[in-house]
Amino acid sequence: MKYYIVIPAHNEQDLIGLTLQSLVSQTVLPSKVVVVNDNSTDKTEEVVLSFAKENPYISVVNKTSDAIHLPGSKVIQAFQKGFETLDSDYDIIVKIDGDLIFPPNYFETIIKHFESDPKIGMVGGFCYIDKNGEWVLENLTDKDHIRGALKAYRKETFLQIGGLKPAMGWDTVDELLCKYYDWKIVTDQSLHVKHLKPTGANYNKTARYKQGEAFYTLGYGFWITAIASAKLAMMKKKPFLFLDYIKGFMKAKSAKTPLLVTPEQAKFIRNYRLQKMKKKLI
């Protein structure tokens, strides 16, 4: 199976080389790697070009955008720009961040999962962060969720879910739509990926309401949002974030912000979320 990788990158000169080195060291190499240099003011492009010289399947695309780091929309707009430069001769499309180090067998293992069952639509490993010199699991989500930093999609799945939505919540709605269309999602706990910059390190103050807005646009409704907000705030060990999330939800509701899903999909998502919550209580 052929896989293509798109890497949105903004000011990653210190880390993107480590990511690319881990990609060119894979036991099964990617057919194409596109790095989208999104408004960088450092030497990100030069680092990528030095790899492209030795590895012709690597290329760089330059994009200009706002310097403000808003979670979701900016990164997916950059992904989209890179994706548009690719042909359709791939079996798996991968979106990764430019601050990861993959084990050498990562993509060989990902491919084996996809080959094992035609109903598997998404596969991913787990992100680990450096805590006092020890690599520990970056524990922000359930074990059955693939982190936005390292998403691999079967081509048919990617096309059926309509690609990636340029909004916060894109890396949740993709999985919910996978479930809606009856695709399986696989997380492989044997695949440890080093995440060099912890999630959310660059988010600014305005981003804190975005999570609540994302819950609204996923069609969660108030009660599921309240439970999800409480859980996330506790996971981040910042209980007051709960209020920001609820505020964000209410703001989006009063502004009648468009949903990322159809009413039918939203209904499915609410039922799916409720079932998951009930299972955890039993």
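## Exercises on loops, helices, cysteines and a cavity

N11 lies in the loop between β1 and α1, where helices (H or I, at least four residues) and strands (E, at least two) are DSSP runs, numbered from the N terminus. The structure is a predicted model, in which local features need pLDDT of at least 70 and side-chain atom pairs count only at pLDDT 80 or more, whereas totals for chains, interfaces and linings use all residues. Residues are numbered from 1 along each chain as its sequence is written, and side-chain values use heavy atoms, with hydrogens and water left out.

**Exercise 1. Describe the backbone angle phi of N11 and of N39, and state how far each residue is exposed.**

Step 1. As background, most residues other than glycine have a negative phi, and most peptide bonds are trans.

Step 2. N11, although not a glycine, has a positive phi of about 50 degrees. N39, which is found in the loop between β2 and α2, is likewise a residue other than glycine with a positive phi, in this case near 60 degrees.

Step 3. For exposure, buried means under 20% relative accessible area, exposed over 50%, and partly exposed in between (1.4 Å probe, protein chains only). N11 has a relative accessible area of 30% and is therefore partly exposed, and N39, at 23% relative accessibility, also counts as partly exposed.

**Exercise 2. Determine which residues of helix α2 are buried, how they are arranged about the axis, and what they pack against.**

Step 1. Helix α2 spans residues 44–54, and its buried residues are T44, V47, V48, F51 and A52.

Step 2. Viewed down the axis of α2, these buried residues fall within an arc of 140 degrees, so they line one face of the helix; the arc is that of the directions from the helix axis to the C-beta atoms. In general terms, an α-helix has 3.6 residues a turn, so residues three or four places apart point the same way.

Step 3. The face of α2 turned away from the buried side carries the exposed residues E46, K53 and E54.

Step 4. The partners of the buried residues of α2 are β1 (3–9), α1 (16–24), β2 (32–38) and β3 (58–63), contact being heavy atoms within 4.5 Å.

**Exercise 3. Place V61 in its element and list what it touches.**

Step 1. V61 is found in strand β3 and, with a relative accessible area of 16%, is buried.

Step 2. Once its neighbours within four places in sequence are left aside, V61 is in contact with V34, V35, V36, N37, K81 and T85. For one of these, N37, which stands 24 residues from V61 along the chain, the two C-alpha atoms are separated by 6.0 Å.

**Exercise 4. Assess how far helix α7 is covered, and identify what its buried residues pack against and what follows it.**

Step 1. Helix α7 (residues 210–217) is mostly covered, since 6 of its 8 residues are buried, namely Q211, G212, A214, F215, Y216 and T217.

Step 2. The buried residues of α7 pack against α8 (222–235) and α9 (241–254).

Step 3. After α7 comes G219, with a positive phi near 80 degrees.

**Exercise 5. Is E175 buried or exposed, and which residues does it touch?**

Step 1. E175 is found in helix α6 (residues 170–180), and at 8% relative accessibility it counts as buried.

Step 2. Not counting residues up to four places away in sequence, E175 touches M122, D144, H145, I146, K151 and I185.

**Exercise 6. How many disulfides does the structure hold, and what is the setting of C127 and C178?**

Step 1. The structure holds 0 disulfides, a disulfide being a pair of cysteine sulfur atoms within 2.5 Å.

Step 2. C127 is in no disulfide, and the nearest cysteine sulfur, that of C178, is 18 Å away; C178, in turn, is in no disulfide.

Step 3. C127 is buried, with a relative accessible area of 2%, and C178 counts as buried at 0% relative accessibility.

**Exercise 7. Characterise the lining of the largest cavity by residue class.**

Step 1. On a 1 Å grid over the protein atoms alone, a cavity is a set of points where a 1.4 Å probe fits but cannot get out, and lining residues have an atom within 4 Å of a point. Grid points are joined across faces, edges and corners, and a volume is the space filled by probe spheres set on the points.

Step 2. By this rule there is 1 cavity of 30 Å³ or more, and the largest cavity holds about 70 Å³ of space. Among the 10 residues that line the largest cavity, F126, L137, E138, T141 and R147 are the closest to its centre.

Step 3. The lining divides into 4 nonpolar, 3 polar and 3 charged residues, where Ala, Val, Leu, Ile, Met, Phe, Trp, Tyr, Cys and Pro count as nonpolar, Asp, Glu, Lys and Arg as charged, and the others, Gly among them, as polar.

Definitions and conventions
On a 1 Å grid over the protein atoms alone, a cavity is a set of points where a 1.4 Å probe fits but cannot get out, and a pocket is an open set with protein on both sides within 12 Å along at least five of seven lines; lining residues have an atom within 4 Å of a point.
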